[in-house]
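Please open the structure in a viewer and keep the sequence panel visible. The tour below proceeds by selection, with a description of what is found at each stop.

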Amino acid sequence: MDINSKLSNNTGVILVSHGSTLPFAEEVFTEIKEKFIKKSGLAAEIGYMKVSEPTIAGAVEILKEQVDDLDNIIALPVFLAPGIHTNIDIPQLLGLEPLEVDPRCPDGNYPADHYLSIAKDIEFDGKIELLSSIGPRDELLEIINKRIDEALLESKLNDDAKTGILLVTHGSRLNYNKEFATALYDKFEKNCDLPSSFGFMELCGPSIPESINKLVDENELERLVVVPVFIAPGMHTTHDIPHILGFLDNHEHSHGHSHGHNHTHDLTPVDFDGEILYPEPIKADDILIDILIKMVNEKL
């Protein structure tokens with residue numbers, strides 16, 4: 001690929017992420033960005049919604065410095081499922097109209113300390129195009145199967161041990177995340193020869209313990225592979241889900257979020273005496289990079 005010709009097309013890409021207080025997510029997204037640039041030849045920068053740097057507005061400024069006569073920005077939310085962040089927060093942070101009314105603040109008058117209120121305005125006269133989230137693409141199944149194979153290589157049980165698969169994701173008050181997880185699992189189930197199910201960490205059901213209990217009881221499992229369907233490691237994948245799986249001491253863990261609500265995760269461990277294997281999330285897998293490039297190229 002002629003990188004110079006790509007970079008001269010006056011287009012830049014913002015890889016939009018949520019942001020995290022833990023370093024793992026930033027490390028993963030830096031790797032995603034570097035792989036994306038190398039493989040696509042496009043100028044790209046990460047833009048974090050909050051907590052981390054650079055912000056989305058900061059990413060625009062970086063791209064303006066990198067690309068001569070920048071007149072087109074493609075903003076790609078590196079989110080698996082749509083939701084409040086992709087449909088409401090990110091559009092507003094880009095200076096665009098939200099795609100729906102915000103159920104957290106229907107009148108649009110956010111508190112003075114809300115991250116949408118304190119975010120810097122975008123200074124850009126060109127075109128900004130916001131893409132959709134990744135969605136339940138078939139390519140994600142390749143990553144999930146890869147993580148299952150990696151986990152089974154670490155198993156201490158024989159190959160013939162009765163094994164089940166559980167896909168886990170975050171969950172949402174809205175239907176988007178459940179629709180994504182259900183559609184992805186429906187595809188996965190059709191191509192999986194092992195007993196399988198899916199569960200949500202919070203906010204909707206079935207919960208992870210409910211799904212595990214049902215899966216184990218119905219199939220008399222000896223081994224369970226729990227696949228976190230998340231892009232990057234963070235508090236949920238390194239703390240909350242391991243608590244639920246019984247890897248860490250149990251306690252209730254409360255999160256306060258700056259977007260105006262508090263919630264508590266029920267981290268009661270599951271009751272399973274067999275082996276639980278817990279692989280890495282998607283991270284900067286080459287298949288993910290190919291998905292992101294394909295999404296951008298469809299708009300070029």
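A salt bridge is a side-chain nitrogen of Lys or Arg within 4 Å of a carboxyl oxygen of Asp or Glu. The model shown is a predicted one.

**First selection: Glu139 and Lys294**

Select Glu139 together with Lys294. Their side chains meet in a salt bridge, with a distance of 3.8 Å from N to O. This pair links distant parts of the chain, for Glu139 belongs to helix α6 (residues 138–153) while Lys294 belongs to helix α10 (residues 286–297), and their positions lie 155 residues apart in sequence. Glu139 is partly exposed, at 21% relative accessibility. Lys294 is likewise partly exposed, with a relative accessible area of 41%.

**Second selection: Arg104 and Asp89**

Proceed to Arg104 and Asp89. These residues form a salt bridge in which the closest N and O atoms are 2.5 Å apart. Because Arg104 lies in the loop between α4 (84–93) and α5 (115–118) and Asp89 in helix α4, the pair ties together parts that are 15 residues apart in sequence. Is Asp89 buried or exposed? Asp89 is buried, since its relative accessible area is 0% and the limit for that class is under 20%. Arg104, by contrast, has a relative accessible area of 25% and is partly exposed.

**Third selection: Glu280 and Lys283**

Select Glu280 and Lys283 next. A salt bridge joins them, and its closest N and O atoms are separated by 3.3 Å. Glu280 counts as partly exposed at 42% relative accessibility, and Lys283 is partly exposed with a relative accessible area of 28%.

**Fourth selection: a network**

Which residues are joined into one network by salt bridges that share partners? Select Lys146, Arg147, Glu150 and Asp285 to display that network. How many salt bridges are there by this rule? The count comes to 16.

**Final selection: Ser17**

Conclude with Ser17, which is placed in strand β1 (residues 11–17). Ser17 counts as buried, at 5% relative accessibility. To view its surroundings, add Phe29, Ile46, Gly47, Tyr48, Met49 and Phe79 to the selection: Ser17 is in contact with these residues when its neighbours within four places in sequence are left aside.

Key:
Residues are numbered from 1 along each chain as its sequence is written. This is a predicted model: local features need pLDDT of at least 70, side-chain atom pairs count only at pLDDT 80 or more; totals for chains, interfaces and linings use all residues. Side-chain values use heavy atoms; hydrogens and water are left out. Helices (H or I, at least four residues) and strands (E, at least two) are DSSP runs, numbered from the N terminus. Buried means under 20% relative accessible area, exposed over 50%, partly exposed in between (1.4 Å probe, protein chains only). Contact means heavy atoms within 4.5 Å.
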